[in-house]
Amino acid sequence: MSAVLEVADLAVRFRTTRGTVNAVDGLSFAIGEGETVALVGESGSGKSTAALAMLRLIADPPGRIASGRILFEGRDILGLREEELREVRGGRIAMIFQDPMMALNPVYTIERQIGEVLALHAGMGREARAKEVVELLRLVGVPAPAERARQYPHNLSGGMRQRVMVAMALACKPKLLIADEPTTALDVTVQAQVLDLIQSLKDRFGMAVLLITHDLGVVAETAHRVIVMYAGRKVEEGTTAQIFKDPRHPYTKGLLEAAKWEEVEGAMLREIPGAVPSPFDMPKGCAFSPRCGAVQPRCRESAPPLAEVAPGRPVACFVAQEGRP
Amino acid sequence: MSEGRGDVVLEAVDLVKHFPVKHGLFQPARHVHALDGVSFALKRGETLAIVGESGCGKSTLAKCLMRLDEPTGGRVVLLGDDITHLAKGALRGLRRHMQIVFQDPYASLNPRWSIGSIVADPIRLHEKVSRDERRRRVAELLETVGLDPGFADRHPHELSGGQRQRVAIARALAVNPSVIICDEPVSALDVSIQAQVINLLKRLQARLGIAYLFISHNLALVEHISDRIAVMYLGQVVELADTRSMRRELLHPYSKALFSAAPVADPDASARRTRIILTGDVPSPVDPPGGCRFRTRCPWKQDRCAAESPALRAVGDRLVRCHFAGDAGFPAPVS
């Protein structure tokens, strides 16, 4: 499988009045054609910042992509000029967000918003655009698409708005879709519809997906590969089956245990003690060490580098690297 | 349910809440049917979960029970007293028996108050005790919810989300309530923190015998924490049963669809199970469909569903609002 996207050693920093924050630190990964890769983590893990960095959408200042390479179809996104970048954004790479109301312009009709993408990236004329918009809305399962096209975002329900955003993202048949918590704001029955939709469109157009989520259920159902992030760094990577059945990093293990609600009827859940460290007050050594049950003295001294514990299984943990449970 | 009435701490009897909608001069008045005849009885030390999607009325239910919203019809009975029409003053006295923990710990704590004053506030309102006694109780409460008593001097902005939710729980516990309404208490928290708060709630219940009305959209969590589950759809309870029975089987088509749609954090299980993908959205509660409210999305709907609205009736060990639930061969497997 050839890589659609290849990220190497990406670092994103934010300058604040309280000091510099390393929101993303040394992140590397690749996504193959038609592959779905999930970036998983809790708040402050840097997953959303990483997603925004893919399209250079980090507000600068205060943010800055400090180092790294983001190769998309062989070109480095970080080296593109503004005009070149505009062509990639919404064209070859599309992005959908958690809150469709933030991404849709409230004073434009649905037709105008999706039409704008088609005009910019496909150079379509007015009539062709109007037809294509209705076709796209039908494709994403919006009932009465011709009527809906003339309405405004506030006329639509949350699920419908999310579909419109998917339609807009797909307008130019992107090679890569970046989906940042695409279903978090939706009800479960609507979430199932939207995930189903992304899946079927993926199969149809062979698009790759970078899925950013904190929901392990969504990951288990949609992703091929999983990257677990903690406090700005990748701590573990593997296929979905590997991560769920044979997690190696204590944080991944804890996360999976903490979400095993239904299997421990009556019993207490396994907790991860403490909380994610403040970015202004990162512990010395491994960022997870204050919460880790397997912690050793050296974990508090130096941060473990990523190293393969098995082929294709990089893990950033001294204990896991020594093969101890 | 062999326990007598005496075990019931909170009862909703046929609760109705309609909100008026703005309408034109010559248009008929219209209403949002947020709650339409919701009844249940919550027993001492029990956890009853209310699940459903947005617009099903679960949060309105919480507000009507607390009398933060005035119900349009029906009754709320707390510890044997009908509190539906109680005047403000008398209500305040009874509120100490029923407390609420909200979803967003960032919005439910006054940012200008110290944690100590926040937790002491219900004590100050409901009991005449000295300042020293209050301070002692606050320290004890903070320890109960797993916070260092030193937190009393801090302010909400210095705390993480999980810590704030612990403060909200300490505040609810301050007056020894019989009932705590938990309205999505962990959905704003990270997964690793959710487990901490859920365990805390369970420990407190085992120790203090508090009953929880647990409102949530997280089905896996609800199965874990509750003794009984009520599924709501468009302002009505459509299925109510013991959690154990619900795990075994679901009888209402909506419950089936709802539970089958929830993603499971296990790749094998998710490959095995059949999902029922509903078409369309939840209809507007301003104009709920006549007959069965779920019929516009039900894969098994029949003519009778439009003609006649089903009553909440007993089928085996549970209550179900569906004409056909419990019939042999219903519902047929979906292709």
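The paragraphs below lead through a predicted model with chains A and B, from single strands to the contact between the chains and the core.

A good place to begin is strand β8 of chain B, which covers residues 211–216. Since a residue is called buried when 20 or more other C-beta atoms lie within 10 Å of its own, burial can be checked residue by residue along this strand. In β8(B), 6 of the 6 residues are buried, so the strand is largely enclosed by the rest of the structure. The side chains can be followed in two sets: Ala211(B), Leu213(B) and Ile215(B) point one way from the strand, while Tyr212(B), Phe214(B) and Ser216(B) point the other way, and all of them are buried.

The next step is to look at what lies beside this strand. Strands of a sheet pair through backbone hydrogen bonds, and they may do so in a parallel or an antiparallel manner. Strand β3 of chain B, residues 47–51, runs parallel to β8(B) and is joined to it by 5 bridges, with Thr47(B) standing opposite Tyr212(B). Strand β7 of chain B, residues 179–183, also pairs with β8(B) in the parallel sense, over 5 bridges, and here Ile181(B) has Leu213(B) as its bridge partner. To pass from β7(B) to β8(B), the chain goes through helix α6 of chain B, residues 191–208, and this β-α-β crossover is right-handed.

Leu213(B) deserves a closer look. Leaving aside residues up to four places away in sequence, Leu213(B) touches Leu10(B), Leu42(B), Leu48(B), Ile50(B), Val179(B) and Ile181(B).

Chain A offers a strand to set beside β8(B). Strand β9 of chain A, residues 225–230, has 6 of its 6 residues buried, so it too is largely enclosed by the rest of the structure. Both of its faces are covered, with Arg225(A), Ile227(A) and Met229(A) buried on one side and Val226(A), Val228(A) and Tyr230(A) buried on the other. Strand β3 of chain A, residues 36–40, runs parallel to β9(A) and is joined to it by 4 bridges, and Ala38(A) stands opposite Val226(A) in that pairing. Strand β10 of chain A, residues 233–239, runs antiparallel to β9(A) and is joined to it by 6 bridges, among which Ile227(A) finds its bridge partner in Glu237(A). The strands β9(A) and β10(A) form a hairpin with 2 residues between them, and in this hairpin Ala231(A) takes a positive phi near 50°.

Elsewhere in chain A, 4 strands form an open sheet in the order β2-β1-β4-β5, with antiparallel pairing. Its edge strands are β2 (19–32) and β5 (75–76) of chain A, each of which pairs on one side only. Strand β4 of chain A, residues 63–72, is paired with the edge strand β5(A) over 2 bridges, and Leu71(A) has Asp76(A) as its bridge partner there.

From the strands we can turn to the helices of chain B. In helix α3 of chain B, residues 115–126, the buried residues are Ile115(B), Gly116(B), Ile118(B), Val119(B), Ala120(B) and Pro122(B), and they pack against α4 (131–144) and α5 (161–173) of chain B. Helix α9(B) is mostly covered, with 9 of its 9 residues buried, and what covers them includes α8 (188–205) of chain A together with α7, β9 (228–233) and β10 (236–242) of chain B.

That cover from chain A leads to the contact between the chains, where 32 residues of chain B are in contact with 38 residues of chain A. On the side of chain B, the elements that give two or more residues are α6, α7 (219–225), α9 (253–261) and α10 (267–272). Among these, α6(B) gives the most, with 8 residues. Sorted by class, this side of chain B has 16 nonpolar, 9 polar and 7 charged residues.

Finally, consider the largest nonpolar core, which has 198 residues, and in which Ala167(A), Leu176(A), Leu210(A), Val119(B), Val179(B) and Leu213(B) touch the most other members. Helix α7 of chain A, residues 158–170, gives the most to this core, with 8 residues. The core also draws at least three residues from each of domain 1 (93–171) and domain 2 (248–321) of chain A, whose centres, taken over C-alpha atoms, are separated by 42 Å.

Definitions and conventions
Residues numbered from 1 in each chain as written. Chains lettered and ligands numbered in written order. Predicted model: local features only at pLDDT ≥ 70, side-chain atom pairs only at ≥ 80, totals over all residues. Buried ≥ 20, exposed ≤ 12 C-beta atoms within 10 Å, placed from the backbone. Pairing = 2+ DSSP bridges. Right-handed = clockwise from strand over helix to strand, strands pointing away. Domains from an automatic or database assignment. Contact = placed C-beta atoms within 7 Å. Nonpolar A, V, L, I, M, F, W, Y, C, P; charged D, E, K, R; others polar. Core = buried A, V, L, I, M, F, W, Y, C linked by C-beta atoms within 7 Å.
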